[in-house]
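Thanks for coming. I will spend a few minutes on one sheet and the helix that goes with it.

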Amino acid sequence: MKRLCSAFEVPVKVDSETFIVPDFSMQCEPPAGALINAARSANLLLYPLDGGLVLTSPSDAAPVATLEYGKHIKRYQVVDEFKLRHSDYLVKSYDYLSDEALSGAAKDAGIEFFRPMHVVVDRHGYGLGGCGRRATLERDRRLARAHRLDLEVVAWERSDGQPWAINTNVRVVIPDEGIDGVFLIGERAYRLDSKNGRTTHLQVMHRDAFSGGKR
């Protein structure tokens with residue numbers, strides 16, 4: 001990943017231990033797609049920061065704040081995108097050293113009709129925990145992203161004066177939706193206009209999306 005970023009003079013900070021992949025095949029995809037796929041296979045987060053990129057593990061720290069609708073949250077949207085989910089996740093690879101075909105699978109019990117997703121991983125992908133783990137990661141991430149929250153919160157900073165940051169946990173309380181739990185901030189955007197003043201748009205997802213990364 002560092003070699004690929006250096007070719008485009010993009011600084012990258014690796015803030016987590018991960019496997020070293022000596023080489024990989026770019027299957028008709030742009031460099032950005034290759035970076036995203038590499039991060040997904042290692043169950044890590046990749047996001048921009050200070051003019052470069054950060055590769056790090058999802059935070060398991062305590063929530064930095066509590067966001068309650070009507071007090072901190074101005075508007076919200078519960079997003080349910082079933083089109084992101086599949087009934088079966090089938091991952092295939094090939095170990096050229098042992099001349100052996102590899103495969104793994106995971107099911108989403110919430111999809112009752114047959115809608116499979118086939119993933120062909122890089123030939124070094126089996127070194128990242130096996131095809132079964134890759135299938136579980138794909139299922140869990142898609143399940144979390146299909147059921148996420150879009151929040152518009154007051155101001156650009158938390159109550160302690162620190163700006164809202166990606167890869168931090170927050171407790172979200174929306175009584176009308178029966179929501180009271182800890183979510184991970186996956187996306188953040190600051191906004192400023194004459195009507196609403198300073199607001200922050202946060203996209204949060206369940207922390208369980210990254211549970212498959214435990215080795």
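**The sheet, from β11 and β12 outward**

I start with β11 and β12, which run antiparallel and are joined by 10 bridges. Keep in mind that this is a predicted model. Within that pair, Y190 stands opposite T200 in β12. The connection from β11 to β12 is a hairpin through 3 residues.

β12 also pairs with β9, again in the antiparallel sense, over 6 bridges. There, L151 stands opposite L202 of β12.

How much of β12 is buried? Of its 10 residues, 7 are buried, so β12 is largely enclosed by the rest of the structure. The cut-off for buried is under 20% relative accessible area.

Now the whole sheet. It is open, has 6 strands, and its order is β4-β10-β11-β12-β9-β5, with mixed pairing. Which strands are at the edges? They are β4, residues 66–68, and β5, residues 73–80, and each of them pairs on one side only. From one strand to the next, the twist averages 35°.

At the β4 edge, the partner is β10, residues 169–174; these two strands pair in the parallel sense over 3 bridges. T66 stands opposite R171 in β10.

Last, the helix. α3 covers residues 131–146 and lies across β5, β9, β11 and β12. Of these strands, β9 spans 147–154, β11 spans 179–193 and β12 spans 197–206. The helix runs at about 45° to β9.

That is what I have; questions are welcome.

Note on methods:
Residues are numbered from 1 along each chain as its sequence is written. This is a predicted model: local features need pLDDT of at least 70, side-chain atom pairs count only at pLDDT 80 or more; totals for chains, interfaces and linings use all residues. Side-chain values use heavy atoms; hydrogens and water are left out. Two strands pair if DSSP finds at least two bridges between them. Helices (H or I, at least four residues) and strands (E, at least two) are DSSP runs, numbered from the N terminus. Axes are lines fitted to C-alpha atoms, for helices over the stretch in contact, and angles run from 0 to 180 degrees between N-to-C directions. Contact means heavy atoms within 4.5 Å. Buried means under 20% relative accessible area, exposed over 50%, partly exposed in between (1.4 Å probe, protein chains only).
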